[in-house]
Amino acid sequence: MNSEVVVIGGGQAGLAAGYYLRRAGLDFVILDDQTHAGGSWQDYWPSLHLFSPAEYSRLPGWPMPRWTSGFPPASHVVDYLRAYEKKYELPVRRPVEVKSVHRTTDGYRVDTDGDSFCATTIVNATGTWSRPFWPSYPGMREFGGTQLHAADYRVPDSFAGKRVGIVGGGNSAAQILAEISTVADTTWFTNREPRFLPDDVDGRVLFDVASDRARALAAGEADSGGVAGLGDIVMVPPVREARDRGVLHARPMFTALTSDGVTDGHTTERLDAIVWCTGFRPALRHLRPLHLHADGSGIVLDGNHVRGEPSLILPGYGDWTGPASATLIGVGRTARAAVDTIVNSRKVDQS
Ligand code: FAD
């Protein structure tokens with residue numbers, strides 16, 4: 001099957017790209033491996049709430065409907081993304097898993113678990129959720145308790161009355177610890193002291209800072225570092241409440257796991273379970289056949305496309321692909337720039 005553009009991934013980044021592709025009148029298809037619309041939001045733990053109000057969590061074109069009070073839960077985002085996809089009649093095919101992408105004489109061939117697609121341009125919007133990162137520690141296989149990644153965490157019930165280690169210094173760790181500590185005895189392990197944002201800094205402030213950074217970078221000014229200098233952890237209500245209960249204290253990271261706990265080489269702490277809140281990596285395995293230009297830390301981008309591949313565009317992976325591009329409100333800016341790139345390159349081809 002042929003399309004000018006194949007978008008891989010039908011989460012918020014894929015939909016935002018679809019919005020601008022439709023507006024530009026391009027022929028495209030979105031391939032998504034989930035059974036239902038909503039991207040990774042449908043897999044988050046049910047108690048997760050946004051760190052911004054609905055009006056600060058909008059994709060291009062149509063605002064997210066207001067939430068009754070406070071910040072919306074993940075389920076509200078899923079409903080919004082489903083309605084958004086319908087409203088703009090975005091051509092999403094699912095479930096379709098992209099297995100590999102190969103170069104052809106005039107573009108790319110996208111092989112899936114069903115059909116193959118040919119396209120001159122790929123917008124790769126696969127997010128990170130399907131690639132949880134597990135660090136490697138001695139004794140991981142010997143530990144007799146439960147180990148799970150934040151990607152598999154749903155509710156705290158199965159931890160009731162247990163001793164649970166939470167690993168990681170980011171928002172997932174703080175939020176999951178806040179919840180599990182209501183039913184279990186928790187210990188928080190981080191590589192460095194957690195950096196809490198001030199209570200009055202939420203997604204609105206973070207987006208404004210990221211927008212200033214995007215403007216400065218576009219104007220060729222020095223990189224301020226954006227939100228990185230402010231802190232990492234947004235003090236959403238459950239995290240504030242955990243702090244007030246006195247459970248939000250981190251210990252330095254252990255060095256190994258034992259059969260029934262963890263050790264720093266001097267003392268051992270017994271644990272029944274460990275939740276690894278250790279982040280995610282971009283889900284790009286299907287791009288391996290392209291042998292993309294990479295430095296030691298991964299694929300190198302020029303603006304929003306892969307270096308040396310002007311027709312392979314990556315929106316939505318966070319600062320790597322554009323300030324705030326991993327957020328609902330920020331991904332629109334990245335998606336619009338991506339589609340502008342495609343439209344401009346067509347003009348050059350036609351001239
Ligand atoms: P995804 O939503 O992951 O969508 C990618 C889609 O591509 C998925 O459907 C996936 O299944 C599919 N896919 C992957 N590989 C393939 C393949 N090979 N073939 C076909 N399909 C494929 N953002 C905010 O704006 N506000 C918040 O408050 C907020 N809170 C967050 C809290 C947590 C704990 C986390 C983890 C994230 C939070 N985010 C928040 C960030 C936001 O949820 C993500 O950055 C966002 O969902 C990424 O969107 P995406 O479209 O890039 O990826």
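This passage looks at how the ligand sits in the protein and how the two domains meet. The model is predicted, so to speak only of its firmer parts, local features need pLDDT of at least 70 and side-chain atom pairs count only at pLDDT 80 or more, while totals for chains, interfaces and linings use all residues. Residues are numbered from 1 along each chain as its sequence is written, and side-chain values use heavy atoms, with hydrogens and water left out.

Start with the ligand. It is surrounded by 31 residues, where being near the ligand takes a heavy atom within 4 Å of it. The closest of these are Asp32, Asp33, Tyr44, Ala326 and Leu328. Sorted by class, the shell comes to 15 nonpolar, 13 polar and 3 charged residues; here Ala, Val, Leu, Ile, Met, Phe, Trp, Tyr, Cys and Pro count as nonpolar, Asp, Glu, Lys and Arg as charged, and the others, Gly among them, as polar.

The backbone gets involved too. Ala326, one of the closest residues, puts a backbone N or O atom 2.6 Å from a ligand oxygen. For Val98, a backbone N or O atom is 2.9 Å from a nitrogen atom of the ligand, and a polar backbone atom of Gln12 sits 3.1 Å from a ligand oxygen. On its own the ligand has 1,000 Å² of accessible area, and the protein covers 90% of that (Shrake-Rupley method, 1.4 Å probe).

Now for the domains. An automatic or database domain assignment sets the bounds, giving domain 1 (2-131 + 281-350) and domain 2 (146-196 + 232-276). Their centres, taken over C-alpha atoms, are 32 Å apart. Domain 1 brings 9 residues to the contact and domain 2 brings 11, with contact meaning heavy atoms within 4.5 Å.

Together the domains bury about 810 Å², 59% of it on carbon and sulfur atoms; buried area is the accessible area (1.4 Å probe) that two parts lose on being put together, summed over both. On the domain 1 side, the touching residues split into 6 nonpolar, 2 polar and 1 charged. As for salt bridges (a side-chain nitrogen of Lys or Arg within 4 Å of a carboxyl oxygen of Asp or Glu), the count across this interface is 0.

Notes: Polar contact = N/O pair within 3.5 Å; in protein donor to acceptor, adjacent residues only side chain to side chain.
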